[in-house]
Amino acid sequence: MTNVLSKITEVIKQDILEAKWNREQSNPVNEIQREIKECQAAVKKAKQLTERQELLKKEFEKEYAHAKSMAEKRKEHVQLAEEAGEESLAAAALREFNFYSERSERLEKTISEAASQLERLELQLETHTFQLKDLELKRLEYMAKENAVSGEKQSAPVKEVTDEDRRYEQIEKHLKESARKKEELTIDEQIEQLKQ
């Protein structure tokens, strides 16, 4: 018997939990709240990627400026070494000039690619941010609707009691009172009442 009662208790508990879970799942505010959390995570991730891309672009620009400066410097050194007749020094300066020239060209392309990638990431961040603001607004709109509905329920007019309602209440009260008195009377008292 105890086993059956415990099984019934478990079934009732599961039904209550399932009903509660279904109610939470069907609540639009909870659904919007879940979407907001997902969107907040997407905004955070997009922001981190954008900031990282900005740092990388700045690092590329710094390396480009250095390579370009070194290429110009070595170009002057080649000219000076050739004028002085130092062929080995001119050859070494020429090798470095070629290295820094190629590096600056490569870095120039990399900076251009990084800039376009940064634009895409900024656009993605902007899209997620707007989406988040829309969801927050949607949540507020639902909350306002719920609030308005609750207000309407509270301000609903109370049903007026008419004379007819009062008469029915009096009849119902009289019948209940009579039934209660009959139950309280003994059989002898009831027979005496019938004789009268």
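**Exercise 1.** Which residues does the UniProt annotation "coiled-coil region" cover?

*Solution.* The record, an unreviewed entry, places this annotation on residues 29-63 and 104-138; such annotations may be inferred rather than shown by experiment, and their positions are given in the numbering used here. The model is predicted, so local features need pLDDT of at least 70 and side-chain atom pairs count only at pLDDT 80 or more, while totals for chains, interfaces and linings use all residues. Residues are numbered from 1 along each chain as its sequence is written, and side-chain values use heavy atoms, without hydrogens and water. Residues 29-63 are 100% helix and 0% strand, with end C-alpha atoms 51 Å apart; for residues 104-138 the chain is again 100% helix and 0% strand, and the ends lie 50 Å apart.

**Exercise 2.** Compare the span of α2 with its expected value.

*Solution.* Helices are DSSP runs (H or I, at least four residues), numbered from the N terminus. The expected span is 1.5 Å times one less than the number of residues, so the 57 residues of α2 should span 84 Å, which agrees with the 83 Å between its end C-alpha atoms. After α2 comes G85, whose phi is positive, near 80 degrees.

**Exercise 3.** Identify the residues of the largest nonpolar core.

*Solution.* A nonpolar core joins buried Ala, Val, Leu, Ile, Met, Phe, Trp, Tyr and Cys residues through side-chain atoms within 4.5 Å, where buried means under 20% relative accessible area (1.4 Å probe, protein chains only). The largest has eight residues: I32, I36, C39, V43, A46, L125, L132 and L135. Both α2 (28-84) and α3 (87-154) supply at least two of them, and α2 gives the most, with five.

Definitions and conventions. Buried means under 20% relative accessible area, exposed over 50%, partly exposed in between (1.4 Å probe, protein chains only). Helices (H or I, at least four residues) and strands (E, at least two) are DSSP runs, numbered from the N terminus.
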